Amino acid sequence: MSKIELTEEEIQSIETMWSLVESGQYYRLLDIGLNADTETIQQSYYRLSKVWHPDAYFKKDTGDYATTIDNIFMGITEAYQTLVDSKKRSAYDRNHS
C-alpha cells in the first residue's frame with residue numbers, strides 16, 4: 001500500500017507552524033488572544049492536537065517533514081502546558097513582551 005503525498009497546502013501549513021514553534025510565539029501558535037482564559041486555551045489545544053498529532057499523518061508520505069510534524073506537536077503541547085499554568089504563563093509573558 002503506497003502512502004499519499006503531502007499537498008502543497010499541507011507543506012505550507014507545516015512550514016508556517018514550524019516557524020511559530022521555532023520563534024516561541026505561543027499565543028500565535030495556539031491561535032488565541034493574549035487574554036485567553038484556560039477554557040479557550042484548552043479548546044484550541046484539543047483542536048490543534050487532532051490536526052498535528054503525528055498519527056494524523058499515518059497514511060501520508062511525510063518524508064523529511066516527519067520530524068518537523070513531531071516537533072510541531074511537541075511545541076503545541078509545550079505552549080498549552082505553559083499558558084494554562086498561571087506561574088509559567090506569567091514567566092512566559094514577562095520574557096516575551
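A residue counts as partly exposed when its relative accessible area falls between 20% and 50%; under 20% is buried and over 50% is exposed. With 42%, Tyr46 is therefore partly exposed. Keep those words in mind, as they will come back at several stops on this walk through a predicted model.

Let us begin with the whole protein. Its secondary structure consists of five helices and two strands. Read from the N terminus, the elements follow the order β-α-α-α-β-α-α. The C-alpha trace spans about 50 × 25 × 20 Å along its principal axes. The protein has 97 residues, and 36% of them are buried. The surface that the protein exposes comes to about 6,500 Å², with 49% of it supplied by carbon and sulfur atoms. Contacts can also be sorted by distance along the chain: among those with a separation of 6 or more, 68% join residues 24 or more positions apart.

Now step inside. The largest nonpolar core has 25 residues, and the members that touch the most others are Met17, Leu30, Trp52, Ile76 and Leu83. Four helices each supply at least two residues of this core: α1 (8-23), α2 (26-30), α3 (38-52) and α4 (66-83). The biggest giver is α4, with seven residues. Met17 is a good place to pause and look around. Leaving aside residues up to four places away in sequence, Met17 touches Leu29, Leu48, Trp52, Ile72 and Ile76.

Met17 belongs to the buried residues of α1, together with Ile11, Ile14, Leu20 and Val21. An α-helix has 3.6 residues a turn, so residues three or four places apart point the same way. It is worth tracing the buried positions of α1 on the model with that in mind. These buried residues pack against α2, α3 and α4. The helix itself has 16 residues and reaches 23 Å from its first C-alpha to its last, close to the 22 Å expected at 1.5 Å a residue.

Follow the chain past the end of this helix and look at the backbone. Just after α1, Gly24 takes a positive phi of about 70°. Further on, Asp31 lies in the loop between α2 and α3. Asp31 has a positive phi as well, of about 55°, although it is not a glycine. Most residues other than glycine have a negative phi, and most peptide bonds are trans. Asp31 has a relative accessible area of 60%, which means that it is exposed.

The aromatic rings make another good trail. A search of the whole structure finds five aromatic pairs. A pair of aromatic rings is described by the distance of the centres and the angle of the planes. Tyr45 and Tyr46 form a tilted pair, 5.8 Å centre to centre with 50° between the planes. Tyr45 counts as buried because its relative accessibility is 12%, whereas Tyr46 is partly exposed. Tyr45 has another ring partner, Tyr80: their centres are 4.3 Å apart and their planes meet at 15°, so this pair is stacked. Tyr45 sits in helix α3 and Tyr80 in helix α4, so the pair ties together parts that are 35 residues apart in sequence. Both of these tyrosines, Tyr45 and Tyr80, are buried.

Two more stops involve aromatic residues. Tyr26, Tyr27 and Tyr92 form one aromatic cluster. Elsewhere, Lys3 lies over the face of Phe58, at 5.7 Å from the ring centre.

To finish, visit two residues in the later helices. Gln81 has its place in helix α4. With a relative accessible area of 45%, Gln81 is partly exposed. The C-alpha atoms of Gln81 and Leu29 are separated by 13 Å, and the two residues are 52 residues apart along the chain. Asp93 is found in helix α5 (residues 86-95). Asp93 is also partly exposed, because its relative accessible area is 31%. Its C-alpha atom is separated by 9.2 Å from that of Leu83, 10 residues apart along the chain. Leu83 brings us back to the core, where it is one of the residues that touch the most other members.

Definitions and conventions:
Residues numbered from 1 in each chain as written. Predicted model: local features only at pLDDT ≥ 70, side-chain atom pairs only at ≥ 80, totals over all residues. Heavy atoms only, no water. Core = buried A, V, L, I, M, F, W, Y, C linked by side-chain atoms within 4.5 Å. Buried < 20%, exposed > 50% of the residue type's maximum accessible area, 1.4 Å probe, protein only. Contact = heavy atoms within 4.5 Å. Expected span 1.5 Å × (residues − 1). Phe/Tyr/Trp six-rings, centres within 6.5 Å; stacked < 30°, edge-to-face > 60°. Lys NZ or Arg CZ within 6 Å of the ring centre and 35° of its normal. Areas by Shrake-Rupley, 256 points an atom, 1.4 Å probe, with all protein chains shown as cover.
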